[in-house]
Amino acid sequence: MRVRHTTQKEVNMSLKRKLSVVSAAFLIGAPFTAAANDGLGVDMEIRCSCGDDGDRNVQLQRNGLGDPGLQATPLNTHPDWDVHGFGRDGMEYFQVNDRAGKIQLIIGHADGVFWLLPAGDPHARVILPGDPALPVDAVLVSEVYRNPEFHLRLYASENGKIWGVDSTH
């Protein structure tokens with residue numbers, strides 16, 4: 001009998017697939033665990049450094065993910081982009097809207113793994129930790145959001161804008 005060892009990349013890909021299913025259920029409000037729908041969950045508090053505000057405590061929202069008309073205060077202070085944070089059941093989600101309120105992308109995060117939810121601009125180019133590197137012509141335009149776990153940066157290249165998620169670990 002031959003034993004096959006699973007590589008770290010295969011484990012990460014498997015985790016990303018599972019988290020995508022859970023994220024999709026969360027996005028549409030489906031009851032994928034008992035705690036998600038029975039009111040037992042509590043808001044998560046994280047330390048975050050957001051734009052020019054420096055370190056401050058923020059509450060991640062539990063509802064509203066995917067809502068383009070979201071009226072909540074963004075986590076960042078960027079003049080062109082609003083970042084809203086959501087948390088439930090150990091998962092964190094970060095929704096990026098333009099100033100008109102249009103969703104650009106939603107990033108999921110748990111235990112050092114990042115994934116992109118199927119929402120927002122379908123043509124958005126996003127590079128997550130572990131993805132191939134940025135194109136050589138990419139130039140940093142601005143840092144849109146940062147916290148202790150990752151930085152969200154916007155780059156420009158000859159083929160348009162690229163969103164980059166850089167893990168701090």
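Colleague: Before we look at strands, what does buried mean here?

Modeller: Buried means under 20% relative accessible area. Keep in mind that this is a predicted model. With that cut-off, try strand 9, residues 150–157: six of its eight residues are buried, so the strand is largely enclosed by the rest of the structure.

Colleague: Fine. How do I read the sheet around strand 9, and in what order do its strands lie?

Modeller: The general idea first: strands of a sheet pair through backbone hydrogen bonds, either parallel or antiparallel. In this case four strands make an open sheet in the order 7-10-9-8, and the pairing is mixed.

Colleague: Which strands stand at the edges there?

Modeller: Strand 7 (125–127) and strand 8 do. Each has a single partner strand, so one side of each is left without a neighbour in the sheet. From one strand to the next, the twist averages 25 degrees.

Colleague: Now the pairs themselves. How many bridges join strand 9 to strand 10?

Modeller: Eight, with strand 10 covering residues 160–167 and the two strands running antiparallel. To find your place in that pair, start from Phe150, whose bridge partner in strand 10 is Ser167. The two strands form a hairpin, with two residues between them.

Colleague: And what about strand 8 with strand 9: how many bridges, and in which sense?

Modeller: Strand 8, residues 139–146, pairs with strand 9 over six bridges, in the antiparallel sense. Here Tyr145 is a handy marker, standing opposite Leu152 in strand 9. Another hairpin turns up in this pair, with three residues joining strand 8 to strand 9.

Colleague: Let's move to the sheet with strands 3 to 6. What is the pairing there?

Modeller: Antiparallel. Four strands form this open sheet, in the order 3-4-5-6. Strand 3 (81–88) and strand 6 (113–116) are the edge strands, and each pairs on one side only. The twist in this sheet averages 20 degrees from one strand to the next.

Colleague: Where could I check the register at the strand 6 edge, and which residue stands opposite Trp115?

Modeller: Look at Gly108, which stands opposite Trp115 in strand 6. Strand 5, residues 103–110, is joined to strand 6 by four bridges, and the two run antiparallel.

Terms used. Residues numbered from 1 in each chain as written. Predicted model: local features only at pLDDT ≥ 70, side-chain atom pairs only at ≥ 80, totals over all residues. Heavy atoms only, no water. Pairing = 2+ DSSP bridges. Axes fitted to C-alpha atoms, helices over the stretch in contact; angles between N-to-C directions. Buried < 20%, exposed > 50% of the residue type's maximum accessible area, 1.4 Å probe, protein only.
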